Amino acid sequence: MPSKKALVRRPGPRLAEGLVTHIEREKVDVELAQDQWDAYTETLRAHGWETVEVDPEDDCPDSVFVEDTVVMYRNVALITRPGAESRRAETAGVEEAVARLGCSVNWIWEPGTLEGGDVLKVGDTLYVGRGGRTNAAGVQQLRAVFEPLGARVVAVPVNKVLHLKSAVTALPDGTVLGHIPHVDRPSLFPGFLAVPEEAGAHVVLLGSGKVLMSASAPKTAELLTDLGHDVVTVDISEFEKLEGCVTCLSVRLRELYV
């Protein structure tokens, strides 16, 4: 049976100090962010996901964006080495959490850098964004870990946004969604569908045909609904002020041995 576990990590008191790279800094309401995180995790649980809470890292402002710390392929966890040095302390707690879940654990080593937000899985294809946070050595190391397991690794350029998954994600049928102004080369993705809003490019697959997306992309939600998808929305406005999206706030583990 496929597993439905989701790693999450609650926002810390220094959340408002989180890094911003491609947008102007806005004031973050930490209390509201906590409420939004609670609603996000409750939405996962309401759709059959068991949330596994990683120990908090209160001294790491960006630690709520747990997706960046590990890449999963089947039951194999690749612990990342974030390109932002201030984020490297985030990985230890995640490593412990995936080990407890029975994952086989691998690591990105210096000089490689890799952040999980740069990895988009579509079936057995792993698109890896080569950009500001992930370097060529990180891509090579990911390839060395996952290609022997049957993955096909495709490196793509990322220059306009923080991470690859800030620009594109994929629907259950493999169609890749992207907001054209933020995608370096849409032609690299077969079945590409342009969406009208930045946040519309970000979906989490909940299972049973349902997709989770931000409430800040109503036109895209309408488009996807019209195409026959079952759309669930959440308000994550405070995290979007820190270049976060629905994918960043959890790591979905679908192929654990259970």
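Which residues line the second largest cavity? In this predicted model, where local features need pLDDT of at least 70, side-chain atom pairs count only at pLDDT 80 or more, and totals for chains, interfaces and linings use all residues, the lining is made up of V156, P157, V158, L164, A167, V168, H182, V183, D184, R185, L188 and F189. Strand 8 (152-157) and helix 4 (164-167) are the elements that give two or more residues to this lining, helices (H or I, at least four residues) and strands (E, at least two) being DSSP runs numbered from the N terminus. Residues are numbered from 1 along each chain as its sequence is written, and side-chain values use heavy atoms, with hydrogens and water left out.

A cavity here is a set of points, on a 1 Å grid over the protein atoms alone, where a 1.4 Å probe fits but cannot get out, and its lining residues have an atom within 4 Å of a point. Grid points are joined across faces, edges and corners, and a volume is the space filled by probe spheres set on the points. The structure holds three cavities of 30 Å³ or more, and the second largest encloses about 70 Å³ of space. Its lining divides into nine nonpolar residues, one polar and two charged, where Ala, Val, Leu, Ile, Met, Phe, Trp, Tyr, Cys and Pro count as nonpolar, Asp, Glu, Lys and Arg as charged, and the others, Gly among them, as polar.

The largest cavity holds about 90 Å³ of space, and its lining has five nonpolar, two polar and five charged residues. Among the residues that line the largest cavity are D62, D68, R87, R133 and E243, together with L19, F65, L162 and H163. One of these, E243, is found in the loop between helix 6 (237-240) and strand 15 (251-253), and has a positive phi of about 65° although it is not a glycine. At 12% relative accessibility, E243 counts as buried, a term that means under 20% relative accessible area, while exposed means over 50% and partly exposed lies in between (1.4 Å probe, protein chains only).

Charged residues lining the largest cavity also lead into the salt bridges, of which the structure holds 14, each being a side-chain nitrogen of Lys or Arg within 4 Å of a carboxyl oxygen of Asp or Glu. D68, R87, E90, E115 and R133 are linked in a network of salt bridges. Within this network, E90 pairs with R87, their closest N and O atoms being 2.9 Å apart, and E90 is buried at a relative accessible area of 1%, as is R87 at 3%. R87 also meets E115 in a salt bridge (4.0 Å, N to O). Because E115 lies in the loop between strand 5 and strand 6 and R87 in the loop between strand 4 (76-79) and helix 2 (91-100), the pair ties together parts that are 28 residues apart in sequence. E115, like R87, is buried.

Elsewhere, R252 forms a salt bridge with E67, with the closest N and O atoms 3.9 Å apart. R252 lies in strand 15 and E67 in the loop between strand 2 (50-53) and strand 3 (70-73), so the pair ties together parts that are 185 residues apart in sequence. Both R252 and E67 are buried.

What of a buried charge without such a partner? D118, in the loop between strand 5 (104-107) and strand 6 (119-122), is buried yet has no salt bridge, and the nearest side chain of opposite charge, R133, is 7.5 Å away. Here Lys and Arg count as positive and Asp and Glu as negative, while His and the chain ends are not counted. Leaving aside residues up to four places away in sequence, D118 touches Y127, V128, G129, R133, T134, V158, L162, H163 and L164, contact meaning heavy atoms within 4.5 Å.

The backbone also deserves attention. Most residues other than glycine have a negative phi, and most peptide bonds are trans. A cis peptide bond, with omega about 10°, joins E110 and P111, and P111 is found in the loop between strand 5 and strand 6. S208, in the loop between strand 12 (204-207) and strand 13 (210-214), has a positive phi near 55°, and at 74% relative accessibility S208 counts as exposed.

Methods: On a 1 Å grid over the protein atoms alone, a cavity is a set of points where a 1.4 Å probe fits but cannot get out, and a pocket is an open set with protein on both sides within 12 Å along at least five of seven lines; lining residues have an atom within 4 Å of a point.
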